[in-house]
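Below are some comments on the model you sent. They are set out as numbered points, to be read with the structure open.

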Amino acid sequence: MYSLAFYESGILLNGPPSSKYKGKNFLVTAAAGATGCFAVQFAKRAGFHVIGTCSTEAKAEVLKSIGCDRVIVLEKENLDQVLAEEYPLGIDFVYESVGKDLFQTCLKHLARHGTLIIIGYMAAY
């Protein structure tokens, strides 16, 4: 599994944008952070529709500039409501680093056979 991930990582970063994930969506929580920005760009390069969460409009502008298709500013929008209305079939891939309520919302909206990647739990720090 790890070798496949590294193999695909190399292809995605060195080759042309992929169509393998066209039509799939990828949610990144805390997307304006260091690993979040990487995940946004990586997912975009892979061909995903990328959704990112952040806390301010300034961070939202950064996310748009690096390829985020839909930015959800958590101070202004309700993540649960946005995902239910705009992504009724669920989220195919979730890159989650916040935890607590945000984790529960992501889990609730994970698509059938979706993938949830947990890389941290900032809410507990």
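Is cysteine 54 buried or exposed?

1. Cysteine 54 counts as buried, at 5% relative accessibility. Please bear in mind that this, like everything below, refers to a predicted model.

2. On disulfides, the count is zero. Cysteine 54 takes part in none, and the nearest cysteine sulfur to it, that of cysteine 68, lies 8.0 Å away. Since a disulfide requires a pair of cysteine sulfur atoms within 2.5 Å, a distance of 8.0 Å does not qualify. Cysteine 68 is likewise in no disulfide, with the sulfur of cysteine 54 as its nearest. Cysteine 68 is also buried, its relative accessible area being 7%.

3. For the overall layout, the secondary structure amounts to five helices and five strands. From the N terminus, the order of elements is α-β-α-β-α-β-α-β-α-β. Of the 125 residues, 40% count as buried. Among contacts with a separation of 6 or more, 45% are between residues 24 or more positions apart. The accessible surface is about 7,300 Å², and carbon and sulfur atoms contribute 59% of it.

4. Helix 5 spans residues 100-108, and its buried residues are Leu102, Phe103, Thr105 and Cys106. Why do they line one face of the helix? Viewed down the axis of helix 5, the buried residues fall within an arc of 160°, so they share one face. The general background is that an α-helix has 3.6 residues a turn, so residues three or four places apart point the same way. Asp101 and Lys108 are exposed on the other side of helix 5.

5. Which elements cover the buried residues of helix 5? The cover includes four strands' worth of entries to check by eye: strand 1 (25-28), strand 2 (49-54), strand 4 (91-96) and strand 5 (110-118). Helix 4 (79-86) is also part of that cover.

6. Arginine 70 deserves a separate entry. This residue is found in strand 3, which covers residues 70-73. Arginine 70 counts as buried, at 16% relative accessibility, because the cut-off for buried is under 20% relative accessible area. What does the side chain of arginine 70 join through a polar contact? The partner is the side chain of glutamate 86, at 2.9 Å.

7. Leaving aside residues up to four places away in sequence, arginine 70 touches His49, Val50, Ile51, Gly52, Glu77, Val82, Glu86 and Tyr87. Glu86 thus appears both in this list and as the polar partner of arginine 70.

Definitions and conventions:
Residues are numbered from 1 along each chain as its sequence is written. This is a predicted model: local features need pLDDT of at least 70, side-chain atom pairs count only at pLDDT 80 or more; totals for chains, interfaces and linings use all residues. Side-chain values use heavy atoms; hydrogens and water are left out. Buried means under 20% relative accessible area, exposed over 50%, partly exposed in between (1.4 Å probe, protein chains only). Helices (H or I, at least four residues) and strands (E, at least two) are DSSP runs, numbered from the N terminus. The arc is that of the directions from the helix axis to the C-beta atoms. Contact means heavy atoms within 4.5 Å. A polar contact is a pair of N or O atoms within 3.5 Å; within protein, one must be able to donate a hydrogen and the other to accept it, and residues adjacent in sequence count only if both atoms are side-chain atoms. Accessible areas come from the Shrake-Rupley method with a 1.4 Å probe; for residues, only the protein chains shown count as cover.
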